[in-house]
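Work through the exercises below with the sequence and the structure side by side, and try each task before reading its solution.

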Amino acid sequence: MLLAELEILHSRPVAPTRRVAIGSTTLPTDPAPGYGGILLAGIAAAFVSAIDPDLLGDLHRLTHQLQDGQRIPQPRLRHRFQDDQVGLNAHRHRLIGDGERLHFEFDEKGNAAPYVLGAVYAAGRLPADERPPVFELIRQGLLWRGDIGPELVAYLTGTGSSRRWALVGGLESVAWALDVFGLENAGVDTGDVQRRFRELLRQAHPDHGGASDGAADRINDLTTARQILLGAR
C-alpha cells in the first residue's frame, strides 16, 4: 500500500546552475507528522551522509527558517529551488505499507543534495500548524547514520518495532485498532469499546493468567487501540 510519495526534480550535477523542484506529492500529515512526515524524514536520513559536511549547518538553519515560514534567499546548499520543472530529471521516493510493516523505496540515482533539499522544501509547503512536528522529525532524520531499513523506521516512529506504523494516523490506524480488539467494523459504541478493552486487558495481564513475556507491549497496544477507537466516534 502506498502511504506517501514525493517526486523531486533536479538538474544534472554538471549543469552550470544546480536546480531543484518539487513535483507530485502525496504527503498525509494528519495527525502530524503522519506518513508524509516519516517519508520526508526518511529521505533526509537516507541521503544526508552524502552532503558536504560544510553545508550541514546551513541545512539545519534552512529547516528552522522554513518551519517559521520565512522567505528563503536562493541559492541554498549550492542549489536554486524553483517551481519551473522544464529540463529537470524526476525521481520518486515512496513510503510503502506491507501488512504490519512499512519500508522505504528510494530512487538512489542522481545527486543526494537535491533529495534532502526537496524533502525540506516540501515540508515548508505544509500548513503552518503541521510544520513543527514534521521538521522536528526531519531534524531527527538528519542525525541518522545507520542502515536504511527497519531500524530507521523504528527510530523515526519512536517505537521498538515497525509493526506499530499504523499508529501515526489515518484510516489504517482504525483498521489496526479494530484488529487489536478483534472487531470487524468501527460501528460499535463507546460502551462496547470499553467493555472489550477491560475484557482483553484482564486476559493480557500476568496477574490474571496472561503471559509475562510481551505483556507490556500487549497492554500498550490495547490502550492505544482504545484511544483510537474512542477518538473515531
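Three exercises on salt bridges and burial follow, and they concern a predicted model.

**Exercise 1.** Find which parts of the chain are tied together by the salt bridge between Glu-7 and Arg-92.

Solution. Begin with the pair itself: the side chains of Glu-7 and Arg-92 meet at 3.5 Å, N to O. Next, place each residue, since Glu-7 lies in strand E1 (residues 2-10) and Arg-92 in strand E4 (residues 89-98), so the bridge ties together parts that are 85 residues apart in sequence. Finally, look around the pair, where Glu-5, Glu-7, Arg-92 and Arg-94 are linked in a network of salt bridges.

**Exercise 2.** Decide whether Asp-58 is buried or exposed, and do the same for Arg-76.

Solution. Start from the cut-off, which is that buried means under 20% relative accessible area. Asp-58 has a relative accessible area of 17%, so Asp-58 is buried. Arg-76 stands at 8% relative accessibility and therefore counts as buried. The side chains of these two residues meet in a salt bridge of 2.8 Å, N to O.

**Exercise 3.** Describe where Asp-192 and Arg-195 lie in the chain, and how their side chains are paired.

Solution. Locate both residues in helix H7 (residues 190-204), where they are three residues apart, about one turn of the helix. Recall that an α-helix has 3.6 residues a turn, so residues three or four places apart point the same way. Then check the pairing, in which Asp-192 forms a salt bridge with Arg-195, with the closest N and O atoms 2.5 Å apart.

Notes: Residues numbered from 1 in each chain as written. Predicted model: local features only at pLDDT ≥ 70, side-chain atom pairs only at ≥ 80, totals over all residues. Heavy atoms only, no water. Salt bridge = Lys/Arg side-chain N within 4 Å of Asp/Glu carboxyl O. Helix = DSSP H or I, 4+ residues; strand = E, 2+ residues; numbered from the N terminus. Buried < 20%, exposed > 50% of the residue type's maximum accessible area, 1.4 Å probe, protein only.
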